[in-house]
Amino acid sequence: MNYRSDQKDIINYESGTMALPAVPGAGKTFILTHLAGKLILEGNTESGKILILSYMTSSCSNIKSRIIKFLEEKGINSTKDFEVMTIHSLAMKIIKEKPDVLNLSDEFKMIDSVLQASFIKQAIIDFRKRYTKEFDSFIDPNKKKNIKGAYDSIEDNLTRCMTSFIGEMKCKGISVDMLKDITKDIDYTDMMKLACDIYESYDLNLRKQGLVDYNDLLFMAYKLLKEDEDLRDKFQNRYAYIFEDECQDSNEIQGKILEILAQKHGNLVRVGDLNQSITGTFTSSDPRFFREFCKSADRIQKMFTAGRSSKEVIDLANYLVNWVREDHPVSSCRNALENQIVLTVPEGENPQNPINPKYGIASYIENSWEDSIRRFIQMVTLYKEKYPQKTIAALIPTGYMIGQIGERLQKMNIEYDELSDVSNEKLVTTKTLGKILDYISSPYDNEKFQIVLKDILINEQYDDSYKLYDFIKKCRLEDLLYPNEDLCIPDEIVELSVYKDFVSSLDLVRKFLEFPQLAIDRLILYIGEKLKFSREEKAMMEKIASDIRFLLISNPKWTLKDIAKELEESKNNKFNYFAKFVYELKGYEPTPGKITLSTLHKSKGLEWDCVFILGLTNLHFPVELTDKFMGECAYLKKEYSNPLALLRASLKKLLNEEDIKNPTIKAREETISERARLLYVAITRAKENLILIGHKENQELPSIYIKELKKFIESEKNRYVGC
Ligand SMILES: Nc1ncnc2c1ncn2[C@@H]1O[C@H](COP(=O)(O)OP(=O)(O)OP(=O)(O)O)[C@@H](O)[C@H]1O
C-alpha cells in the first residue's frame, strides 16, 4: 500500500499513546483501519484484541467492513482479533457483566428519547402547577397576555434544555442527592431549583420503570470499572489496543473509561479534528479533552494533507479558517477554528486531489427561501443530466427545510435519499404496518383494500393492473375474499398478468384477517413474518410490537384503528424515533444520480462529488452577538432566555469551578463558534463542486459568511478565467 509521507509514521506504530489530529479528508478512518489490520497481521494482538470506538453505528459498520477487506486481501478470514462499537455499546457490554452490583435487573431496558422527553415535560408541568408564582417570575411580563402560548413554548424549551443538563450532570457523576445538597440554600425563584426538582422526578420515573438512559450507561460503566477489580482486569486483558475515532466529540466520562481500559497495556490511539467539533452546544462533548490528549500523548502525528477535495474547495475551506481567525467581528470567536491549514497531496502520493476542468464553486444570495429552492432545483437538474455518474448532496440546516425540498423533488419525480432523523425511507415500515392494520380494522372497505394491494402487496408494475382495480371497485369484498360457488371472475381478469399476484395477495390478506386480533403485538410480528422484510424492517417491526404491548397497558381502550392512525400519520411518533437507530445500522453510501438531502450535522464523515449548502442565513449561521439565536426562548425574561446556558453557569459557580458573568453571551459565542465549524464540515464534504446559497426571508438576512465567501469565490473565479 502506498501510504502518504504523513501516514508512514502512523502505520509503523506498535505501542504507547498516540494522538492523531487531522484535517477533513486526510484519511483518519483509512489509517485507523489499516493500522488495525497491520497490527493483527503482524501478530500484535496475541495478548488481546483491538477495540475501535466510533460515534455512530453506521461508521462502526463501515470501519468493520474496511478492516475485514484489508485482512481478506492478505488472506486472513477472521474477525476474532478486533471489535468495533460505539461507546454506548461498550458501556452496555460492561454493565451486562454485573447489573446486580448497580441494583439493575438483568432485564434492564434503555429509555428512548420520546419517553425521556415526556417524563421531563410532565415534571416541568407539575413544577409549574406546584410553584406557579415562582415559575411565572421567569416569564417576560409583556408576553403574559398569551399565557397559554408562553407556557407551551417555555415548557418545550425547558424540556430540551433539561434533557441536556441532566445528561451533563450524570456524565459529571452528580446525583440527585448531590444536586439537592448543593442547592439546599437556594429558593424556588432560582431556575436551579427547578432543575433539581425535574432531575429528581425524572430519575424516580426511570427507576420505577426499570429504565436506564444513555448517560447512565456511561457513568455506570465507569463506576463498575473503577470499583470492581475483577471486571476491570477482565476488560483490560481483553483489549490490548484501544483506538478512538472522532475524538473531538468525546466527553469527560468517555475519556476516563478509555483511560482505565488502556491502563494495563498502555496502547491508546485517538484520532480527531478539532475543527469538526459540532456537538458541544447540546451535549457534554468538549474538544478540550482531545486537545489535552494531544499534549499528554507519547506521540503526536499530524495529518494535514488531504486528497478528498479539489484545490478550489480546499482553498475555500482554508479561507474560512483564516477569515474566522483574523477578521471575525466577534474577537472572542476567533479561536473557533484551529490554525490547521489543509494541504493538497504532493505529486506521486495518494490519493491525488480531483481536478476540475473549470472553477468548480459558485455562490448565490436569493431574495427568499422559495427562490433558493428554485435555484437549487434548476441547478441540480442540469448537473444530474450532465453528470449522471456523480454523487450529489444538498446540506440543509433543518429537518423541516429538508421536508420542503423533498416534497418538491417528489412532485418532479426526482429521486432522493433523506438523511435526517426521520426520513421517508425510515418511515416506510411504520406506514406499511399502519396501512395494513387500518385495513384489518375495516376489512370490507374497498378503498383501503386497494391501498394495501397497490402500495404493499402488489408492488411490481403491470401495465394492465388498472383493469384489476376497476374490477375490484365493482365487487363486494366479502365475495372476493370468501367466494361461494356463484362467484365468477371474468376471463379477461384471470388472463391479466397481475392476476397471479392478486390471488396470492388475497390468500395473504385472508391470513391477516383470520389472525386473532386480541394480541395486536403478535399480529404485528405475524405480518412482519409474512411480508418479505429486510433486516432493518424486521428490527423495526419487533420494536413496534414491543412498544405497542407497552402502550396498550397505559391506553387499554386503544383500538386497532387508533394504533393504525398513530403509525400512519404522525412524523413524531414513538416508533419513528427508533427507526433512526435501526437504519443507522445500515450506514450510508451515496448513489450516483440520486440526490442526498441531509442536515449539516448528518453529513459528517461523508463525501459527494457535488455539494449544495442551502439556508446560509444569520439565523442558522449567526456571526454577530446581536443575531437571533435559535435555542433562546422569546417568552422568558431576557436574563433567563437561554436556560441551558444559565444552568451550566450556575452549576459551575456552585461547584466553585468558574464564575461566568454573562452566561447568555457566552452561550452565543459558543453557538457562533460551533456554527462556523459546522459550515467548515459542510464545505469539506465536496470533492469537486460546491454551491453555496444564502437568502433573506422576513427578519432573516443572508449570513455574513455567504457574503465573505462570495467575495473570495468571485475573485478566485476571475483568477481561474485568467489562467
Ligand atoms: N494513502 C492513501 N491511499 C489511497 N487512498 C487514501 C489514502 N489516504 C486516504 N485515502 C482516501 O482518502 C479519502 C478520505 O479518507 P477518510 O474518509 O478516511 O478521511 P477522514 O479523514 O476520515 O475524513 P473526514 O474528516 O471528513 O471524516 C478516502 O476515500 C480514503 O480511502
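This briefing describes the nonpolar cores and one pocket of the structure. The model is predicted, so local features need pLDDT of at least 70 and side-chain atom pairs count only at pLDDT 80 or more, while totals for chains, interfaces and linings use all residues. Residues are numbered from 1 along each chain as its sequence is written, and side-chain values use heavy atoms, with hydrogens and water left out.

**Nonpolar cores**

- The largest nonpolar core (a set of buried Ala, Val, Leu, Ile, Met, Phe, Trp, Tyr and Cys residues joined through side-chain atoms within 4.5 Å, where buried means under 20% relative accessible area with a 1.4 Å probe, protein chains only) has 72 residues, and those with the most contacts inside it are Phe243, Ile613 and Ile683.
- Helix α14, residues 311-327, gives the largest share of this core, 8 residues; helices are DSSP runs of H or I with at least four residues, numbered from the N terminus.
- Because domain 1 (5-94 + 219-300) and domain 3 (361-421 + 588-722) both give residues to this core, it lies between them; the domain bounds come from an automatic or database domain assignment.
- A second, separate core of 48 residues includes Leu508, Leu523, Tyr526 and Met540.

**Second largest pocket**

- The second largest pocket has a volume of about 1300 Å³, a volume being the space filled by probe spheres set on grid points joined across faces, edges and corners.
- A pocket is an open set of points on a 1 Å grid over the protein atoms alone, where a 1.4 Å probe fits, with protein on both sides within 12 Å along at least five of seven lines, and lining residues have an atom within 4 Å of a point.
- Of the 48 lining residues, Ser285, Asp286, Arg288, Lys652 and Glu670 are the closest to the centre of this pocket, and α28 gives the most to the lining, with 8 residues.

Key. Buried < 20%, exposed > 50% of the residue type's maximum accessible area, 1.4 Å probe, protein only. Helix = DSSP H or I, 4+ residues; strand = E, 2+ residues; numbered from the N terminus.
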